[in-house]
Structures are given as structure tokens and as C-alpha cells.
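Colleague: Hi! Could you walk me through this one in plain words?
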Amino acid sequence: MGGKAILLVVISFSLMFAIVNFNSQNTTTRAVENLSEYYSKTNLQNIATSGANMAANIIFKDPTWTGNFNHLPFQGGYLDINVTKFAVDKIRISSKGYLTGIYNGEIGEDTSLVKLILEPSSFSKFGYYSNKWPAGGYLVTGDTIDGPFHTQGQLLTLGSPVFMGKTTTKGGITSIGNSYGFGAADPKFLGGYESPVDVPFTLNTTKIKDAGNYDGKIFQDAGGNALDVKLVFTDDGSATGKVQYSTRKTGTSTWSTAVTAKLDTLAPNGVIWNTKGNLYVSGTVNGKYTVGTGKSGSNYGYVYLEDDIVYRKSPLISDPAHPGYTISNPACQDMLGIVAEKQVVVKDNSANRNNINIHASLFNFDGGITVEGITSSSPNMGTMKILGGLIENEAQTTGYTNGAGYHQVIKFDKRFETTTPPYFPATETYEIVSWFE
Amino acid sequence: MGFSSLIDIIGSTLIGGVILIILLRMNDSAVENHYINSGELIVQTNLISVVELLEYDLRKIGYCKNWEISPVPGEALLAASDTSITFLTDVPTTSNQFGDGNIDTLKYWVGSPFDAEVINTPNPKDRILYRQVNGEPPLYSNMGVTQLKIVYFDALGNIIPTYTLIAKSASKKPLGVITMQIDITVENIAAYGDATEEDNEVYSKDKSAFWRQIRLAAPSLNNR
């Protein structure tokens with residue numbers, strides 16, 4: 001009897017410990033599974049993200065590419081990458097990763113999706129673009145660059161200038177500090193900094209000319225001579241407004257009789273282009289337009305600002321939430337792009353000698369905005385206030401530290417982040433505008 | 001009953017008692033081990049749940065299905081401290097994983113170990129991780145989080161001091177954050193046994209679990 005009892009006790013305890021051991025092992029297994037599942041999911045996410053980056057990279061190099069990858073082996077899993085064009089010029093990349101791993105406690109296959117949207121990049125998205133960065137041209141403590149910034153050269157900073165938007169350079173950056181009282185080298189890139197990024201400075205005048213021919217207004221001398229065109233925008237209270245235009249042969253002094261035209265009939269698509277010569281612009285813009293002029297050889301292609309060129313309402317207003325900062329004015333629906341195949345020049349005249357207001361994105365393909373005849377002996381002309389953006393080949397002088405010329409203030413019109421003046425020059429490359437993962 | 005029988009009984013009782021003590025001790029050890037293993041599993045599960053949730057949301061900082069509503073990704077981070085983060089995103093809906101195309105404000109923060117929700121839990125260090133979408137009541141669950149620490153880096157990889165971030169948040173200036181480092185520690189909220197002096201920094205006998213994401217970059221925070 002005693003032996004049987006002992007046997008029962010031993011069996012009972014063995015059973016009990018077997019159950020405890022099983023539970024213990026089971027717990028350990030689940031703990032490992034738990035970590036394995038996280039590992040699998042992380043890998044899966046990485047596979048899908050990598051696929052999206054691969055496809056985006058191909059499109060950056062070849063914007064015409066629309067290929068797909070099906071079951072592309074990658075990092076132990078595989079990828080389906082689908083590239084589709086939609087809405088004329090947008091591209092959607094869908095990258096779906098597949099990986100066999102442990103999910104919900106079982107070995108199986110799971111998927112992860114990353115979706116991107118790319119759009120053509122316009123030069124108007126830059127608050128400031130400079131193709132060439134001048135040697136010794138430092139941005140210093142106290143300088144603030146509003147909006148996205150890019151230079152194809154090497155950016156030079158001294159102290160702690162502030163870049164409000166995303167900053168990119170092709171040539172990198174040299175930051176120095178503790179010189180001339182400018183403090184430590186500590187540039188502030190509030191929208192990020194990336195280098196090397198190549199955004200070649202290009203201007204395809206054929207595109208803008210074609211747009212002008214198609215549904216805009218082209219000024220062109222029948223004999224092939226250079227032509228000066230004067231545009232004075234006027235607000236007539238309508239949605240598109242009017243423009244008063246006159247012409248003359250470049251080099252002569254007599255303007256033709258001014259013609260006033262409604263802009264919705266003169267240039268329904270918003271493009272006004274002078275194929276060869278110079279353009280003189282001023283007035284109040286209502287509607288969305290791109291105006292500009294081409295050059296021939298190294299001559300012409302200048303856009304002269306004869307007076308203020310402004311929208312009906314300022315594109316920027318003070319942000320009531322934090323004084324000193326500006327936000328887009330929702331009441332402003334007007335937009336202007338000024339394209340000079342040479343450069344934009346502020347005329348030295350009586351109208352401009354007491355400040356000038358410019359509401360536009362200014363594209364200077366062969367120079368930068370400057371002031372007619374400016375020297376260090378020029379009079380003080382007040383403030384040049386640009387609300388829009390400045391794109392230029394190389395910075396030019398608009399003022400001197402002794403007060404000659406203008407004190408320049410450039411504020412980025414944030415609407416240009418998502419919209420552009422019609423047919424404004426594009427970088428001819430795509431950029432990622434939306435990333436879902 | 002003779003003397004030898006008495007010896008037998010006493011001997012049997014002693015041996016039986018020793019065996020019983022051994023068995024009870026083994027049982028106690030088995031139970032303790034089982035609880036500790038279970039505790040580790042709970043800690044791991046909680047940690048991974050917290051991490052997956054955070055990663056899922058933080059990757060979408062600045063994202064919006066209708067991207068034109070959110071054209072300046074650098075301004076998507078509204079407020080940041082080492083224990084909280086508030087940002088703009090498009091929270092997925094049950095009907096659309098890509099969001100509804102409207103900007104939402106999402107806030108994560110950890111409470112104090114002395115909050116009413118955790119003051120009565122056995123672990124004196126656990127705290128609540130809150131998740132709040134727009135102005136809705138915050139959602140939370142006690143997952144045993146004892147540390148949430150976020151370190152922010154600018155575009156050049158320099159750490160941005162927390163006081164700078166808080167000052168900028170207060171004046172609604174762009175924070176300049178490009179990448180983040182996130183540290184999370186999770187402990188068992190009601191573990192087997194008590195903290196000992198050796199375990200001064202860790203409440204339970206169960207190991208605490210620590211997770212670090214170095215340089216989490218939300219693609220939409222810096223993509224244009």
C-alpha cells in the first residue's frame with residue numbers, strides 16, 4: 001500500500017511539474033515569437049520603404065520612366081513596385097513588400113505598403129535659388145532666408161543665419177564662426193538640410209513660347225528685330241483685370257499708342273511672352289500670369305520694373321498668433337511670375353526712388369535682380385520688398401552698406417509651395433510631395 | 001508496537017517531512033519562475049505594442065492624404081519636449097488607411113508616476129502614455145511605461161536643447177527638427193515579488209525592457 005501511495009505521489013508531482021514546465025516553455029516561446037514578430041514587421045517595413053526609394057531614385061534620374069517591378073527579390077522578401085502617371089504630370093509610386101515571418105504567432109507571409117506621389121518641380125517653389133554662389137558671399141547672423149533655398153554652388157555661412165525652409169546645396173556648405181563678431185558657426189536649418197542635391201538651372205523658352213502661342217499672347221517683331229514691350233497691369237474689379245500695352249523697336253524712344261485689353265481675352269492661359277527684346281512692367285495684377293522676355297545672343301532679355309508691381313491684396317499678412325511672422329493671405333488670389341532670360345532690373349526713376357514693392361516670383365536666367373546704374377554713390381532708394389521668390393543665376397548688387405540703393409527684404413509667398421504661375425519655368429525633374437507608410 | 005516501529009514512524013515522518021518541504025519549495029520555485037517568465041512576456045508584449053503604435057504614428061508626421069493642405073512639412077511639428085510630442089498628420093480612419101485628407105493634430109505624452117491612474121499600482125514608477133487626436137479625450141492604457149525620452153536633432157545632426165524647443169513651441173516658430181531618438185523603458189505593472197535594494201532602479205524581479213530608435217526620420221517631415 002505504502003509503495004502504491006509513493007508511486008501515486010511521484011506520478012502526481014511529475015504531472016504537476018510537467019504542466020508547469022510546459023507552461024514555462026510555452027511562455028518563453030511566446031516571448032521569442034513576440035520579438036520575432038516585431039523583427040519581421042520591421043524588416044517588412046524596410047523592404048517596402050526601400051522599394052519606394054529605389055523607384056523614386058530611378059524617376060529622379062529619368063523622369064520618363066514608368067516601369068514596374070514584379071516579385072523583385074529583396075532582403076529575404078520580395079517587392080512589387082508599381083509606377084503610374086496620373087493627372088497629366090503626377091506620378092504615383094506604390095511599393096508593396098512581402099516577407100515570410102512570424103505574424104500573430106504563426107509563420108506566414110505579410111505585406112506592407114508605401115505610397116508616394118511625385119510632381120514636377122517648379123523653380124517658383126524656391127524662396128531663393130542661386131545657381132552660382134559668390135566667393136566670399138557669406139550669409140551671417142541676422143540673415144533669414146524665407147522659404148526653400150538652393151544653390152548649385154557651395155553655401156557659405158558665418159555665425160548663425162536662419163533658413164526657414166528646406167535648404168539644399170550641390171556644393172555642400174562651409175560654416176565658420178567667431179569672426180567679425182558674428183558668433184559661433186551654427187546655421188539654423190529649420191526645414192532641413194540636404195547635400196549634394198543637383199537642381200540644374202535651366203530655362204526652356206520653347207515651352208513658354210508655345211504656351212503663349214497656344215492660348216496666351218506673344219509679342220514678336222515681324223522683321224525679327226528686338227522689341228520693347230511695356231505692360232501696365234490695371235485692376236478693373238473683374239477676376240482677370242486688364243493690361244495696357246505698347247511697343248517700340250528696341251533702341252528707339254517712341255512707344256506705340258497704348259492699347260488696353262482685358263486679360264482674359266488677350267492671354268486666357270496667363271502667358272505673355274516677348275520673344276526677343278525687353279519688357280517694362282508695372283501696375284496692379286489681378287489674376288494669375290507669367291510674363292517674360294527672351295534674349296538674342298547676349299543682348300536683350302531684360303525685364304525692367306518701372307514702378308511697383310503688386311497684387312490687389314498683399315499675399316502675406318501678419319500672423320496674429322505670433323507677431324513678426326507672416327502667413328498667406330487667403331484673400332489674395334492673384335499670382336505673378338516674371339521671367340527674364342537675362343535679368344530683372346529696377347529702373348532708376350522717380351517712382352522707384354522711394355521704396356519698391358514687388359509681388360512676384362522673379363526668374364533671372366543670366367544674372368540677378370539689380371538696380372539700373374547702381375554704384376556706391378547712388379542715393380538711398382528705401383526698401384525693395386519682394387513678396388514671392390527670387391531665382392537667379394548669380395546675385396547682383398541692389399544696395400550698399402553705406403545706404404546707397406535699396407535695403408532688400410525677400411519674403412516667400414507660401415502659395416508657391418503648391419501652385420505656380422502659369423507655365424513658370426520648371427526644374428524638369430520630379431520631387432516627392434507626399435509619402436505614406 | 002515496539003521501539004523499532006517507533007523509530008520507523010519517526011524516521012518516515014522526518015523523511016516524509018523533508019520530501020514535502022522539498023516539494024513545496026520546488027513548487028514555490030516553479031510558481032515564481034512561471035510568474036517571472038509570464039512577467040517578462042507581458043513586459044515584452046507591452047513594449048512592442050507601444051513601439052509599434054509610436055512608430056506607426058511618428059512615421060506620418062507631416063503626412064496628409066491631400067498634401068497641398070500641408071505644404072510645409074518642416075512646420076508639422078508643433079511642440080516637442082523630452083516627454084511629449086505634438087504634430088500634424090492625417091490620422092488613418094477605419095474606412096481609409098491613407099486618412100481622410102484633413103489635417104489632424106496628434107499628441108503623445110507620458111504622465112507622472114503620481115497620477116491617479118497609476119498611484120495605486122504596485123509599481124511605483126509606471127506612468128501612463130497618452131495619445132490624443134485633435135481635441136478628443138486622450139486615449140491611454142497602463143502599459144507599464146516607466147520612461148519615454150525623446151531627443152531631437154537638427155539638419156546637421158546636432159541635438160536641439162529641450163528649452164529651445166519649448167520656447168519655439170510657445171512662440172509657434174518652426175522647431176527645426178529633422179530626426180529623433182526615442183528611448184522607451186517598460187516594466188511590469190504588477191510583478192511577482194517586491195523591489196529589493198539591489199533592484200533599486202527596477203521595480204520588479206522581471207527584467208525591464210528597453211527600446212531605442214536612433215534617428216527616426218518621418219519621411220514627410222523633410223521631403224520637399
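Modeller: Happy to! One term to begin with: two strands count as a pair if DSSP finds at least two bridges between them. Also keep in mind that this is a predicted model.

Colleague: Okay, so how many bridges are there between β9 and β12 of chain A?
Modeller: Strand β9(A), residues 155-158, and β12(A) are joined by four bridges, in the parallel sense. One place to look is A:Leu156, which stands opposite A:Thr174 in β12(A).

Colleague: What sheet do those two belong to, and in which order do its strands come?
Modeller: They are in an open sheet of three strands with parallel pairing, in the order β6-β9-β12 of chain A. The edge strands are β6(A), residues 139-140, and β12(A), residues 173-176, and each of these pairs on one side only.

Colleague: Where would I look for another open sheet of three strands?
Modeller: Look at β7-β10-β13 of chain A, an open sheet with parallel pairing. Strand β10(A), residues 162-163, runs parallel to β13(A), with two bridges joining them. There, A:Phe163 has A:Phe189 in β13(A) as its bridge partner.

Colleague: Why do β7 and β13 of chain A have one side without a neighbour in the sheet?
Modeller: Because β7(A), residues 144-145, and β13(A), residues 188-189, stand at the edges and have a single partner strand each.

Colleague: Let's move along the chain. What does β16 of chain A pair with?
Modeller: Strand β16(A), residues 227-234, pairs in the antiparallel sense with β17(A), residues 242-249, over eight bridges. In that pairing, A:Val229 is matched with A:Thr247 of β17(A). Strand β16(A) also pairs with β20(A), in the parallel sense, over seven bridges. For that pairing, find A:Asp228, which stands opposite A:Asn278 in β20(A).

Colleague: And what about β20 with β24 of chain A, how many bridges there?
Modeller: Six bridges, in the parallel sense, link β20(A), residues 277-285, with β24(A). The bridge partner of A:Thr284 is A:Val310 in β24(A). On top of that, β24(A) runs parallel to β28(A), residues 343-346, with four bridges between them. A:Tyr304 stands opposite A:Val345 of β28(A).

Colleague: Is β24 of chain A mostly covered or uncovered?
Modeller: Mostly covered: of the ten residues in β24(A), residues 302-311, seven are buried.

Colleague: Which way do side chains point in a regular strand, by the way?
Modeller: As a general rule, they alternate between the two faces of the sheet.

Colleague: I clicked on A:Asn274. Buried or exposed?
Modeller: A:Asn274 has a relative accessible area of 0%, so A:Asn274 counts as buried. You'll find A:Asn274 in strand β19(A), residues 271-274.

Colleague: What lies around the side chain of A:Asn274?
Modeller: A polar atom of the A:Asn274 side chain lies 2.8 Å from the backbone oxygen of A:Leu227. The backbone oxygen of A:Asn278 is 3.1 Å from a polar atom of that side chain. Leaving out residues up to four places away in sequence, A:Asn274 touches residues including A:Phe219, A:Val229 and A:Thr293.

Colleague: New topic: A:Phe13. Where is that, and how accessible is it?
Modeller: A:Phe13 lies in helix α1(A). Its relative accessibility is 22%, so A:Phe13 counts as partly exposed. The C-alpha atoms of A:Phe13 and A:Val346 are separated by 98 Å, and these residues are 333 apart along the chain.

Colleague: Now the two chains. How much area do chain A and chain B bury between them?
Modeller: About 4,000 Å², with 62% of it on carbon and sulfur atoms. On the chain A side, A:Tyr38, A:Leu190 and A:Phe436 lose the most area to chain B, together 16% of what that side buries. The contact involves 40 residues from chain A and 42 residues from chain B.

Colleague: How many salt bridges are there across that interface?
Modeller: The rule finds three. One of them joins A:Glu437 and B:Arg59, whose closest N and O atoms are 3.2 Å apart. There are also six residue pairs in polar contact across the interface.

Colleague: Which element of chain A gives the largest share of the side touching chain B?
Modeller: That's α1(A), which supplies 15 residues. The residues of this side divide into 19 nonpolar, eleven polar and ten charged.

Technical notes. Residues are numbered from 1 along each chain as its sequence is written. Chains are lettered from A and ligands numbered from 1 in the order in which they are written. This is a predicted model: local features need pLDDT of at least 70, side-chain atom pairs count only at pLDDT 80 or more; totals for chains, interfaces and linings use all residues. Side-chain values use heavy atoms; hydrogens and water are left out. Buried means under 20% relative accessible area, exposed over 50%, partly exposed in between (1.4 Å probe, protein chains only). A polar contact is a pair of N or O atoms within 3.5 Å; within protein, one must be able to donate a hydrogen and the other to accept it, and residues adjacent in sequence count only if both atoms are side-chain atoms. Contact means heavy atoms within 4.5 Å. Buried area is the accessible area (1.4 Å probe) that two parts lose on being put together, summed over both. A salt bridge is a side-chain nitrogen of Lys or Arg within 4 Å of a carboxyl oxygen of Asp or Glu. Ala, Val, Leu, Ile, Met, Phe, Trp, Tyr, Cys and Pro count as nonpolar, Asp, Glu, Lys and Arg as charged, and the others, Gly among them, as polar.
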